[in-house]
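Visitor: I would like to learn how to read a model like this one. Could we go through it feature by feature?

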Amino acid sequence: MATVTSDNRGLRLWTRYAVLILVAVIFVFPLLFMVMSSFKPSTQLLLDSKSLRAFLPVGDLSLQNYTDAFIRAPIGVFVFNSVLVTGVTVVLCLFVCSLAAFAFVFIDWSGKAVIFSVLLATLIIPYETIFIPLLLMASQLPWIGADGFELGWLNTYRVQIVPFIADALSIFLFVQFFKDLPKELIEACRVEGASWWTIYRKVVMPLSGPVIATAAILKFLFMYNQFLWPLMVVQEESIRPVMVGLGYFTDQLNVPWGEVMAYLTIITVPVLAFYLALQRVFIASVASTGVK
Amino acid sequence: MATVRLRDVRKSYGSVEVIKGVDIDIEDGEFVVFVGPSGCGKSTLLRMIAGLEDISDGTLEIDGQVVNDLEPKQRGIAMVFQTYAIFPHMTVRENVAFGLTIAGASKEEKERKVAEAARVLQMEHLLDRRPSQLSGGQRQRVAIGRAIVRDPKVFLFDEPLSNLDAALRMNMRMEIGKLHQDLKASMIYVTHDQVEAMTLADKIVVLKGGKVMQVGTPMELYHNPANLFVAGFLGAPSMNFLQVDVKEAAGDRVVVGNGALDPLQISAEGSSFRAGDRAILGVRPQYLDPSEDAAGMLHGQVELTERLGSETVVDIGLRDGSSIIAAISEDRVLKAGSNIGLTFDATKAHLFPHEEIREEAH
């Protein structure tokens, strides 16, 4: 009987591993394909893609694609732009959205239930549907810059940042997390004489690591992957983000696939770095909040 | 230290009134316990004093000043919560000093006061630990420490011991009592545990359904409960209640009896019993003296005896079908099934109008 049980256990373990490996493979293979292809000449790449060789480091491997990619497009500028826009947006988003959520959860004010419902309702509106009116608005917005008063936000960093600072999903994530913080902690702060700002800064935010990580990663991915909006509002090369930069390679009669893969590999690095930095907190928070 | 006065204090949530006009006077340095069953409004009342709940009507004075509309921090109070509410990301030292930090106290002052509180609460060795490394009792000490360092006018305790196990609870109860003796501060303490109320309080306020049932010293409430509710709530085991008929009533003197109770003359001051009324006779289990020779005023049969060590509790089925409990000294033995008679001192029995039974049901 004992052997049967242990066999069962072994079988179950193997099945579990098999499923996990299969899932991992499904996720990893496209990345593997991308990285491997980035070292191959375009002709070989297309031939290899018909067989398993596509995923293997075989054939004529070189860094030529990378050199060519850097010649074709100002990749450094694009990556810098994307990291800047994404980084600033993430930081401002975390600050603004957590403050909004704080007000929704801890402070009593009339109408907050209605406003929160309206806010959640905006989740079902895709950004793409509001991009045209947003574009018209952005072209007319005033700004006081170095040259004094000016009109129109097009072709700036701020037009890529400001519209995305506050979003319903991030506020919702923070609200859900704050609701689970013990109410007594906040009450104890109030009795001790802490201002709302102190409560936010000294107690609520230090306890909100998991939700900060979750919101940050989701926002980072959303911002880094921005394509349509920057395509519409940015014409100058010097402030263009990475996804729009992909056009330098794909808008060709003969697409240089090797360079495309090299470019994609390069622009994946910041995402990977950011994710790895927050991975531990992120996994803990996915487990605890049920947010994926 | 300060006085606290509540005058016709009320609290409503929409159309539902949960605190229905409460008047309480708390003197300087007094230890007052709000006690009552869950849902009686005792915690709400405490939170209203703390400023965590609005006062719908009436006035609340602390130290002679009406504080209805003041923020919690302006009221000069400190509060200890049932769940401790200490900050998990701060060390014990930072937790205790939290209020001082917010008030902008100097580093020396903070260190001095934290050290003093740690000495009083015997937790000097815990100061650099995090809350997750502390036991429940130690966490509660930290919460009390945080209250002490601010020298509040009034300490508020919201069921501070109910998350602790029985042994620790007794220990902490004594420490809180000692703390009150040392600090001589006004303290308001909420509990549903009548033992905590009896042992700690200078004055007990018994609440039920958002109303004050009785206010007095523990022994006043124990010996002269104003109504059936207070009589049943305080004392362990709780008071026996017998349904009796009023046989005669002449002024303060009333004669009662029932199927199991021989006619008994009892004094019922200020009452308006009339012959033929039904009434409730209350006798504490400790005052019942059973004897196996079946003599006595009350007749029944022993159903079960439970030895608690310090005393023995006897369940007795009475001749009229009701049952009562007697608490007798631990060395006495009564056999289950034996017929017994019980005597008691009529001056220690209480007579309540029968209507209160109905009120109790609400």
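Visitor: Start with chain A. What percentage of its 292 residues count as buried?

Guide: First, a caution: this is a predicted model. Burial is read from relative accessible area, and buried means under 20%. In chain A, 38% of the 292 residues count as buried.

Visitor: And how many of the 362 residues of chain B, as a percentage, count as buried?

Guide: For chain B the figure is 51% of 362 residues.

Visitor: How many helices and strands does each chain have?

Guide: Chain A has 15 helices and two strands. Chain B has 10 helices and 20 strands.

Visitor: How do I read the overall dimensions? What does chain A span along its principal axes?

Guide: The C-alpha trace of chain A spans about 80 × 70 × 30 Å. Now set the radius of gyration against the globule rule. A compact globule of 292 residues would come near 19 Å, but chain A has 24 Å. For chain B, the C-alpha atoms fill a box of roughly 75 × 45 × 30 Å along the principal axes.

Visitor: Which atoms supply the exposed area of chain A?

Guide: Carbon and sulfur atoms supply 72% of the about 16200 Å² that chain A exposes. Chain B also exposes about 16200 Å². There, carbon and sulfur atoms supply 46%.

Visitor: What about contacts along the sequence? What share in chain A joins residues at least 24 apart?

Guide: Take contacts between residues at least 6 apart in sequence. In chain A, 70% of them join residues at least 24 apart. In chain B, the share is 67%.

Visitor: Let me try single residues. Is T89(A) buried or exposed?

Guide: T89(A) counts as buried, because its relative accessibility is 0%. The residue lies in helix α4 of chain A. Look next at its partners, leaving out residues up to four places away in sequence. T89(A) touches I161(A), F164(A), I165(A), K219(A) and M223(A).

Visitor: Which class does L120(A) fall in, at 26% relative accessibility?

Guide: L120(A) counts as partly exposed, because 26% falls between the buried and exposed cut-offs of 20% and 50%. Its place is in helix α5 of chain A, residues 112-121. The C-alpha atoms of L120(A) and I171(A) are separated by 9.0 Å. Along the chain, these two are 51 residues apart.

Visitor: How do I find empty space?

Guide: Rolling a probe the size of a water molecule over the atoms shows where empty space is left. Distinguish two cases. From a cavity the probe cannot get out, whereas a pocket is open.

Visitor: Then what volume does the largest pocket have?

Guide: The largest pocket has about 640 Å³. It is lined by 24 residues, and the closest to its centre are F106(A), D108(A), R190(A), W196(A) and L52(B). Three elements of chain A each give two or more residues to the lining: α4 (75-106), α8 (168-180) and α9 (183-192). The most comes from α9(A), with four residues.

Visitor: What is the class make-up of that lining?

Guide: The pocket lining has 12 charged, 10 nonpolar and two polar residues.

Visitor: How many cavities of 30 Å³ or more are there?

Guide: The count is one. The largest cavity has a volume of about 80 Å³. The elements that give two or more residues to its lining are α4, α11 (209-224) and α12 (228-233) of chain A. The most comes from α4(A), with three residues. Among the lining residues are F164(A) and M223(A), both also touched by T89(A). By class, the cavity lining has seven nonpolar, four polar and no charged residues.

Visitor: Last topic: the backbone. Which peptide bond is cis?

Guide: Check omega. The bond from A236(B) to P237(B) is cis, with omega near -10 degrees. P237(B) sits in the loop between α9 (228-233) and β11 (240-250) of chain B.

Visitor: What is phi at D151(B) and at E159(B)?

Guide: Look for positive phi in residues other than glycine. Phi of D151(B) is near 45 degrees, and phi of E159(B) is near 40 degrees. D151(B) lies in the loop between α5 (136-148) and β7 (154-158) of chain B. E159(B) lies in the loop between β7 and α6 (166-183) of chain B.

Visitor: Are D151(B) and E159(B) buried or exposed?

Guide: D151(B) is exposed, because its relative accessible area is 55%. E159(B) counts as buried, because its relative accessibility is 10%.

Key. Residues numbered from 1 in each chain as written. Chains lettered and ligands numbered in written order. Predicted model: local features only at pLDDT ≥ 70, side-chain atom pairs only at ≥ 80, totals over all residues. Heavy atoms only, no water. 1 Å grid on protein atoms, 1.4 Å probe; cavity = no way out; pocket = protein on both sides within 12 Å on 5 of 7 lines; lining within 4 Å. Points joined across faces, edges and corners; volume = space filled by probe spheres on them. Nonpolar A, V, L, I, M, F, W, Y, C, P; charged D, E, K, R; others polar. Rg over C-alpha atoms; globule rule 2.2 N^0.38 Å. Buried < 20%, exposed > 50% of the residue type's maximum accessible area, 1.4 Å probe, protein only. Contact = heavy atoms within 4.5 Å. Areas by Shrake-Rupley, 256 points an atom, 1.4 Å probe, with all protein chains shown as cover.
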